[in-house]
Amino acid sequence: MNNIATHEGGCLCGTVRYKTEGDPKYVGICHCRYCQLRTGSAFGISVYFDSGQVNVLQGNTSLKSFKYPTESGRQSHLQFCSDCGTTLLWSSQWRPSMTGIGGGTFDPPTFWYKIEREVFCRSKAKFINTDVNNQFDTGPVYTPLNEEALRLKGG
Ligand SMILES: [Zn+2]
Ligand SMILES: [Zn+2]
């Protein structure tokens with residue numbers, strides 16, 4: 001008997017596939033400009049696991065990386081499919097031992113997880129109304145070191 005919940009998902013073209021084991025450590029909706037830009041949409045959904053809970057099943061060689069410094073001075077590291085562009089996985093110096101997964105990339109039923117909080121509501125689209133109670137204008141801890149341009153900061 002194996003009672004550990006497993007979930008699989010992957011990119012739009014199907015080249016990259018992953019599997020997670022166990023419950024996520026943190027799940028949040030992020031309305032920051034970085035997430036809006038990387039998705040081309042209104043917000044990002046981050047489903048964070050300890051990195052050991054996440055395995056890339058196929059397509060590892062198709063994953064490309066993009067690293068950028070955030071407003072906090074920490075680096076974010078995105079991994080996306082080089083064939084179709086889906087952002088699948090990421091890590092941040094903010095959560096060094098964790099891997100974030102793009103919440104929309106899980107196989108159906110895609111939205112199986114519970115959202116714990118919403119962050120960076122300062123750049124939230126006016127037409128988004130969720131029932132998440134725990135909402136932050138920025139993040140629970142917000143100590144920016146760099147002043148971002150409006151393009152990347154929003155608000
Ligand atoms: Zn792909
Ligand atoms: Zn974000």
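This is a short talk on the cavity, the zinc site, the aromatic pairs and a few backbone details of one structure.

Okay, thanks everyone. One thing up front: this is a predicted model, so please keep that in mind for everything I show.

Let me start with the empty space inside. How many cavities of 30 Å³ or more turn up in a search of the whole structure? There is one. Its volume is about 660 Å³. The lining takes in 36 residues, and the closest to the centre are C30, T70, S92, W94 and F120. Hold on to C30 and F120, as both names come back later.

Which parts of the fold build that wall? At least two lining residues come from each of these strands: β3 (26–30), β4 (44–50), β7 (75–81), β8 (87–92) and β10 (117–119). The helices α1 (33–39) and α2 (150–153) do the same. If you sort the lining by class, you get 18 nonpolar residues, ten polar ones and eight charged ones. So if you were picturing a purely greasy hole, the eight charged residues say otherwise.

There is also open space to look at. The largest pocket holds about 160 Å³. Its walls are Y34, L37, R38, F66, Y68, P69, L78, E148, R151 and L152. Two or more of those residues come from each of α1, β6 (63–69) and α2. The class split here is seven nonpolar, three charged and no polar residues. Note that α1 and α2 each give at least two residues to the cavity lining and two or more to the pocket lining.

Now the metal. Which residues hold the zinc ion, ligand 2? The donors are the SG atoms of C30, C32 and C35, at 2.1 to 2.3 Å. Along the sequence, those donor residues follow the spacing C-x1-C-x2-C. Two of them come with accessibility values: C30 is buried at 10% relative accessible area, and C35 is buried at 8%. And here is C30 again: a zinc donor that is also among the residues closest to the centre of the cavity. One caution, since somebody will ask about a further donor: water is not among the atoms, so the site may look incomplete.

On to the rings. The count comes to nine aromatic pairs. Take Y26 and Y48: their ring centres are 6.2 Å apart and the planes make an angle of 35°, so this pair is tilted. Y26 belongs to strand β3 and Y48 to strand β4, so the contact ties together parts that are 22 residues apart in sequence. Are these two buried or exposed? Y26 is buried with 9% relative accessible area, and Y48 is buried with 6%.

A second pair is F111 with Y113, and this one is edge-to-face, at 6.3 Å centre to centre with 80° between the planes. The two partners sit in contrasting surroundings: F111 is exposed at 56% relative accessible area, while Y113 counts as buried at 9%. Both belong to one aromatic cluster, together with Y18, F106 and W112.

Rings also meet charges here. The charged end of R95 sits over the ring of Y48, 4.6 Å from its centre. Y48 therefore has an aromatic partner in Y26 as well as a charge over its ring. Elsewhere, R38 lies over the face of W90, 4.1 Å from the ring centre. That is the R38 you heard in the pocket list.

Last topic, the backbone. Most residues other than glycine have a negative phi, and most peptide bonds are trans. What kind of peptide bond joins P108 and P109? A cis one, with omega at about 0°. P109 is in the loop between β9 (95–102) and β10.

Then there is F120, which has a positive phi of about 55° although it is not a glycine. F120 is in the loop between β10 and α2, and it counts as buried at 17% relative accessibility. As you saw, F120 is also among the residues closest to the cavity centre.

That loop between β10 and α2 also contains G139. G139 is buried, with a relative accessible area of 12%. The C-alpha atoms of G139 and C121 are 8.8 Å apart, for two residues separated by 18 along the chain.

That's what I have. Over to you.

Methods:
Residues numbered from 1 in each chain as written. Chains lettered and ligands numbered in written order. Predicted model: local features only at pLDDT ≥ 70, side-chain atom pairs only at ≥ 80, totals over all residues. Heavy atoms only, no water. 1 Å grid on protein atoms, 1.4 Å probe; cavity = no way out; pocket = protein on both sides within 12 Å on 5 of 7 lines; lining within 4 Å. Points joined across faces, edges and corners; volume = space filled by probe spheres on them. Helix = DSSP H or I, 4+ residues; strand = E, 2+ residues; numbered from the N terminus. Phe/Tyr/Trp six-rings, centres within 6.5 Å; stacked < 30°, edge-to-face > 60°. Buried < 20%, exposed > 50% of the residue type's maximum accessible area, 1.4 Å probe, protein only. Lys NZ or Arg CZ within 6 Å of the ring centre and 35° of its normal. Donors = N, O, S within 2.8 Å, 3.2 Å for Na, K, Ca; no water.
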